[in-house]
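I opened a fresh page for this one and went through it piece by piece. Here are my entries, in the order that I looked things up.

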Amino acid sequence: MDGARTPGAGEAELLLQERTADLQRVKAEYDNYRTRVRRDRMAVREIAVANVLTALLPVVDAVDRTCAREPLTPGLKDIRDTLWTQLGSLGLRGFGEEGEPFDPACHEAVVHRTVPGAQRLVCAEILRPGYRVGDRLLRPAYVAVTGPP
């Protein structure tokens with residue numbers, strides 16, 4: 001023989017097991033990488049949508065003010081409805097209702113009126129609606145609250 005040693009059946013089985021374990025490790029690393037990339041892409045998309053929606057909130061406020069002060073013409077109604085349809089498709093949701101309990105996590109009290117005997121703070125008037133997309137708060141609702149001192 002030329003001095004080259006050929007592996008026996010036991011050694012070949014051991015090499016096969018080592019290579020199989022290496023391949024399984026590489027596959028697991030690749031699966032983890034794909035999952036991480038997918039999660040990162042979704043996070044970047046959510047941040048981008050939130051940034052665009054935040055930038056459009058002054059437009060929403062202007063349209064809402066105009067609809068509240070001017071006669072609702074067919075053109076103005078179409079603009080309002082189209083704007084809300086498109087923003088809603090991106091996940092924008094308004095919040096802030098009169099009579100709901102005050103929540104400092106999503107409401108900003110700019111006026112406080114005391115009511116004798118009140119047990120909790122309640123949103124008495126919505127001065128500017130709040131908005132969120134998914135679980136992300138874009139802007140708190142500005143409210144006038146009534147409740148205990």
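**Entry 1: around leucine 53.** A reminder to myself before I start: this is a predicted model. I picked Leu53 and listed its contacts, leaving out residues up to four places away in sequence. I found Leu87, Leu90, Leu92, Val133 and Leu138.

**Entry 2: the core it belongs to.** Next I pulled up the largest nonpolar core, which has 14 residues. Which members touch the most others? I noted Leu53, Leu87, Leu92, Tyr131 and Leu138. Then I checked where the core residues come from: helix H1 (9-69), helix H2 (74-89) and strand E4 (130-133) each supply at least two. H1 is the biggest giver, with seven residues. I also found another core, lying apart from this one. That one has seven residues, including Phe95, Cys106, Val143 and Val145. A general thought for the margin: nonpolar side chains tend to be buried together in soluble globular proteins.

**Entry 3: the two helices.** How do H1 and H2 cross, and how close do their axes come? I read off an approach within 11 Å and a crossing angle of roughly 150°. The cut-off for roughly antiparallel is over 145 degrees, so H1 counts as roughly antiparallel to H2. I logged the crossing of H1 and H2 as left-handed. For the contact itself, I wrote down Leu53, Leu56, Val59, Val60, Val63, Asp64, Thr66 and Cys67 on the H1 side. On the H2 side I have Leu76, Arg80, Leu83, Trp84 and Leu87. Happily, Leu53 and Leu87 are both familiar from the core entry.

**Entry 4: the sheet.** I traced an open sheet of three strands, ordered E2-E6-E3, with mixed pairing. Strand E2 (107-114) and strand E3 (122-128) are the edges, each pairing on one side only. From one strand to the next, the twist averages 30°. In which sense do E3 and strand E6 (residues 141-147) pair? I have them as antiparallel, over five bridges. One pair I marked by hand: glutamate 125 stands opposite alanine 144 in E6.

**Entry 5: proline 104.** Last stop, the loop between strand E1 (92-95) and E2, where proline 104 lies. Is proline 104 buried or exposed? Its relative accessibility is 63%, and the cut-off for exposed is over 50%, so I put proline 104 down as exposed. I also looked up its separation from proline 140: 36 residues in sequence, and 8.8 Å in space from C-alpha to C-alpha.

Notes
Residues numbered from 1 in each chain as written. Predicted model: local features only at pLDDT ≥ 70, side-chain atom pairs only at ≥ 80, totals over all residues. Heavy atoms only, no water. Core = buried A, V, L, I, M, F, W, Y, C linked by side-chain atoms within 4.5 Å. Buried < 20%, exposed > 50% of the residue type's maximum accessible area, 1.4 Å probe, protein only. Helix = DSSP H or I, 4+ residues; strand = E, 2+ residues; numbered from the N terminus. Contact = heavy atoms within 4.5 Å. Pairing = 2+ DSSP bridges. Axes fitted to C-alpha atoms, helices over the stretch in contact; angles between N-to-C directions. Parallel < 35°, antiparallel > 145°, perpendicular 65-115°, else oblique. Left-handed = near helix turned anticlockwise from the far one by under 90°.
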